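Here are a few notes to help you find your way around this model. Please have a look at the sequence and the structure first, then read on at your own pace.

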Amino acid sequence: MAQSWQLWALLSAAFAALTAIFAKVGVANVNSDFATLVRTVVILVVLVGIVAATGQWQKPAEIPGRTWSFLALSGLATGASWLAYFRALKLGDAARVAPIDKLSIVFVAMFGVLFLGEKLNLMNWLGVGLIAAGALLLAVF
């Protein structure tokens, strides 16, 4: 089970929840963009340590250009997401910001179908719709 995607996804969700709580407290007395910078530096230092300690370093010259391009685009999207998320947390309640942020699940489903050719069945779409409805109920009411 330690290598199952489900466990790692659950851990991701738990850490994302902690991110919202810690960030809401942390952003209270600082500019949200600066808070995002601090978060990013911490992540960079930790990841360098993990990659170095586990011997996962790869030679950059051996990575294909297409991979670099999409990793760079992913990094830009992540940065934009973090900036927007911290700004939203600065302005709103974590319990209302986080559900709207989780609408990313709905967008991933749609983008996966549109751009990656992934297939979702009726039950999958029902789940996506329920996630959207739940997020909106939490955020709006």
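1. Let us start with one residue: does Ser32 count as buried or exposed? One thing to keep in mind as you look is that this is a predicted model. Ser32 has a relative accessibility of 4%, and buried means under 20%, so Ser32 counts as buried. You will find Ser32 in helix α2, which covers residues 32–54. Leaving out residues up to four places away in sequence, Ser32 touches Val27, Phe86, Arg87 and Lys90.

2. Now for the whole chain. It holds six helices and zero strands, and from the N terminus on the order of elements is α-α-α-α-α-α. Taken along the principal axes, the C-alpha atoms fill a box of roughly 50 × 45 × 30 Å. Of the 141 residues in the chain, 17% are buried. Among the contacts with a separation of 6 or more, 70% come from residues 24 or more positions apart.

3. The pair α1 and α3 is a good place to look at packing. Two packed helices are described by the angle between their axes and the distance between the axes. For α1 and α3 the angle is about 60° and the axes are 9 Å apart, which makes α1 oblique to α3. Their crossing is right-handed. On the α1 side you can pick out Thr19, Ala20, Ala23 and Lys24, which meet Tyr85, Phe86, Leu89 and Lys90 in α3. By class, the residues of this contact of α1 with α3 are five nonpolar, one polar and two charged.

4. Next, follow α3 to its other partner in these notes. Helix α3 (residues 65–91) packs with helix α4 (residues 94–101) at an angle of about 150°, and their axes are 8 Å apart. Angles over 145 degrees count as roughly antiparallel, and α3 and α4 are therefore roughly antiparallel to each other. Here too, the crossing of α3 past α4 is right-handed. Tyr85, Ala88 and Leu89 of α3 make the contact with Ala94, Val97, Ala98 and Asp101 of α4. Sorted by class, the contact of α3 with α4 has six nonpolar residues, no polar ones and one charged residue.

5. Which residues of α4 are buried? They are Ala94, Val97, Ala98 and Pro99. The buried residues of α4 pack against α1, α3 and α6, the last of these spanning 122–140. As background for reading such a list, an α-helix has 3.6 residues a turn, so residues three or four places apart point the same way.

6. Several of these names come back in the core. The largest nonpolar core has 10 residues: Ala20, Ala23, Val27, Ala35, Tyr85, Phe86, Leu89, Ala94, Val97 and Ala98. Helices α1 (5–26), α3 and α4 each supply at least two residues of this core. To see how the parts meet, try Ala20: apart from residues up to four places away in sequence, Ala20 touches Tyr85, Leu89 and Ala94. There is also a second, separate core of six residues, which includes Val106, Ala109, Val128 and Ala132.

Key: Residues numbered from 1 in each chain as written. Predicted model: local features only at pLDDT ≥ 70, side-chain atom pairs only at ≥ 80, totals over all residues. Heavy atoms only, no water. Axes fitted to C-alpha atoms, helices over the stretch in contact; angles between N-to-C directions. Helix = DSSP H or I, 4+ residues; strand = E, 2+ residues; numbered from the N terminus. Parallel < 35°, antiparallel > 145°, perpendicular 65-115°, else oblique. Left-handed = near helix turned anticlockwise from the far one by under 90°. Contact = heavy atoms within 4.5 Å. Nonpolar A, V, L, I, M, F, W, Y, C, P; charged D, E, K, R; others polar. Buried < 20%, exposed > 50% of the residue type's maximum accessible area, 1.4 Å probe, protein only. Core = buried A, V, L, I, M, F, W, Y, C linked by side-chain atoms within 4.5 Å.
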